[in-house]
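Visitor: I am new to this structure and should be grateful for a close look at a single part of it. Kindly choose one stretch and describe its surroundings in full.

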Amino acid sequence: MMVHPYPLALTAIALVALAVAPHAQDMPSAAPSAKEASERPAWQAHGLKPQSPDSPFEEVVSGLYFRSKETQDMQADDFNNPGFLAVEQGEELWSKVDGAAGKSCASCHDAASTSMKGVAAAYPKWNGKLAKPVNLEQRIDICRTGALKAEPWAFGSPELTAMTAYIRNQSRGMPVAVKVDGPMTPWFERGKALYYQRNGQLDLACASCHEKNHGKYLRADFLSQGQSNGFPVYRLRDQRLVPLHERMEGCMQDVRATPFKPLSDEFLALETYVAWRGLGLPVETPAVRN
Ligand code: HEC
Ligand code: HEC
C-alpha cells in the first residue's frame, strides 16, 4: 500500500466512479482518450438474444467483440492465432501413451474430432460418482489418474491447459450448452450469489464491472460481459494460454480481494453460472484477448 500510493489512489477513484456512475459520461477518471474513443469496438452489433428470460442481458455478446479489430483478426486466422500452438500440443498429448496402464487418451476415445465434438460446450457437468460438478480440467485429470493410471496434471500446467484447449477446440463454433437443472441447481444458485457478492477493498462484485459497465472503459481496459466461451484464452499480455480460473483469480486480485483457489467449489459454482450467462455463444477456443 505504501509503495505506490499515487497509482493506487488513482485506481481506487476510477473504480469507485465505475461502481456508482450509471453512464460512461459520468466517469471522468475512467474516460477514454480521444484515440481510444474513435477505436471503441462496435460490440452491440454482435449480440445474441438470451436463451433464458432470466438472463440479465438484452443481448449476449462474446468478449471477442470488445477487443480491437487487430485482435479479432488475429483470433480469426488459425495461422496467426498464437493459441493454436497449445492446441497442437494438446493434439500430440492425446495420442501419447502415459501412465501404468500403458494407454493414451486415444486408446479409449479414438479421434477427438469425433468423440469430443460438442463435449466441452456442456461443461461444467454433473459427475454422479463424485456427486458434484466437474469442469473440463478436472474431467481430464479423472481420466489421467483413473484410466491412464498416470499422475494428474497440475492446474495451470502447460499440459493441462493445452489438453483443455485441444478438447474445447473440438467444439469450436458450437453453442455453449451448460445444464443448470437437477443437481446442478444449487451450484448455479451459489455461483449467482458469488457473482453479485461484493469483494475486496474496492467492494466490487463481478456484476459491478461485467453486467453494469460492459461497453465502458475502466482505465485502459474496455469492459466486456466477462464471458467464458473463449477459454482457455491466449493473452497477449502474458504470451500464453490462460485458463478461466486464473482469469477469475486476476479479476478478484484487481479488486484487492483474496481470490478463491483454482478448482475450488467457489470457482466451480462461478464457472457454472458464468457459462449460463453465455448460453448459446459459440465456443471460440482458442480465443485471443489482451
Ligand atoms: C481406459 C479408457 C479411457 C482412457 C484411456 C481415457 N478415458 Fe476419458 N473417459 C473414459 C470413460 C469411461 C469416460 C466416461 C464416459 C461417461 O461417463 O460418459 C470418459 C470421459 C471423458 C471425458 C468426458 C466426456 C463427456 O462426454 O463428458 C473427457 C473430456 C475425457 N474422458 C478425456 C480424456 C482424456 C483427455 C484422456 C487422456 C488423458 C482420457 N480421457 C483417457 C475412458 C477413458
Ligand atoms: C473491477 C472490474 C472487474 C471486476 C469486479 C471483475 N472483472 Fe472480470 N474482467 C475485468 C477486466 C478489465 C477484464 C478484461 C476486459 C474484459 O474482457 O472485460 C475482465 C475479464 C474477465 C473475463 C474474460 C472475458 C473474455 O472474454 O476473455 C472473465 C471470464 C471475467 N472477467 C470474469 C469475472 C468474474 C467471474 C468476476 C468476479 C469474481 C470478475 N470478472 C470481476 C474487470 C473486472
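Guide: The account below takes one helix as its centre and then turns to its surroundings.

The structure is a predicted model, in which local features need pLDDT of at least 70 and side-chain atom pairs count only at pLDDT 80 or more, while totals for chains, interfaces and linings use all residues; side-chain values use heavy atoms, with hydrogens and water left out. Residues are numbered from 1 along each chain as its sequence is written, and chains are lettered from A and ligands numbered from 1 in the order in which they are written.

The protein chain contains twelve helices and seven strands; these are DSSP runs numbered from the N terminus, with at least four residues (H or I) for a helix and at least two (E) for a strand. Of its 290 residues, 48% count as buried, meaning under 20% relative accessible area, with exposed over 50% and partly exposed in between (1.4 Å probe, protein chains only). Contacts between residues at least 6 apart in sequence join residues at least 24 apart in 68% of cases, where contact means heavy atoms within 4.5 Å.

The chosen part is helix 11, which spans residues 244-254. Its buried residues are Leu244, His245, Met248, Gly250 and Met252. They pack against helix 12 and against strand 6, which comprises residues 240-242.

Helix 11 also takes part in binding a metal. Cys251, through SG, and His210, through NE2, coordinate the iron atom of ligand 2 at 2.0 to 2.3 Å; donors are N, O and S atoms within 2.8 Å of the metal (3.2 Å for Na, K and Ca), and sites may look incomplete because water is not among the atoms. Cysteine 251 belongs to helix 11, whereas histidine 210 belongs to helix 10, residues 206-210. The two residues are 41 apart, and the pair links distant parts of the chain. Their exposure can be stated for each: histidine 210 is buried, at a relative accessible area of 15%, and cysteine 251 is partly exposed, at 29%.

A further iron atom may be set beside this one. In ligand 1, the iron atom is coordinated by His109 (NE2) and Cys143 (SG), at 2.0 to 2.2 Å. Histidine 109 is in helix 5 (residues 105-109) and cysteine 143 in helix 7 (residues 136-146), so this pair ties together parts that are 34 residues apart in sequence. Histidine 109 is partly exposed, with a relative accessible area of 31%; cysteine 143 is partly exposed as well, at 22%.

The interior comes next. The largest nonpolar core has 33 residues, and the members that touch the most others are Val178, Tyr195, Phe260, Phe267, Leu270 and Trp276; such a core is a set of buried Ala, Val, Leu, Ile, Met, Phe, Trp, Tyr and Cys residues joined through side-chain atoms within 4.5 Å. Helix 11 is one of the elements that give this core two or more residues, together with helix 9 (185-196) and helix 12 (265-277). Helix 12 contributes the most, with eight residues. Another core, of 22 residues, lies apart from it and includes Phe84, Trp94, Ala120 and Leu241.

Phenylalanine 260 deserves separate mention. Both phenylalanine 260 and phenylalanine 267 are buried. Leaving aside neighbours within four places in sequence, phenylalanine 260 is in contact with Glu249 and Met252, and also with Leu194, Glu266, Phe267 and Leu270.

Just after helix 11 comes arginine 256, with a positive phi of about 60 degrees, although this residue is not a glycine. Arginine 256 occupies the loop between helix 11 and helix 12 and is partly exposed, at 30% relative accessibility. Glutamine 239 likewise is not a glycine and has a positive phi, of about 55 degrees. Glutamine 239 is placed in the loop between strand 5 and strand 6 and is exposed, with a relative accessible area of 61%.

Finally, the loop between strand 4 (221-222) and strand 5 (233-235) holds serine 228. Serine 228 is buried, at 12% relative accessible area. Residues up to four places away aside, serine 228 touches Leu244 as well as Arg168, Val274 and Ala275. Proline 232 lies in that loop between strand 4 and strand 5 too, and the peptide bond leading to proline 232 from phenylalanine 231 is cis, with omega near -15 degrees.
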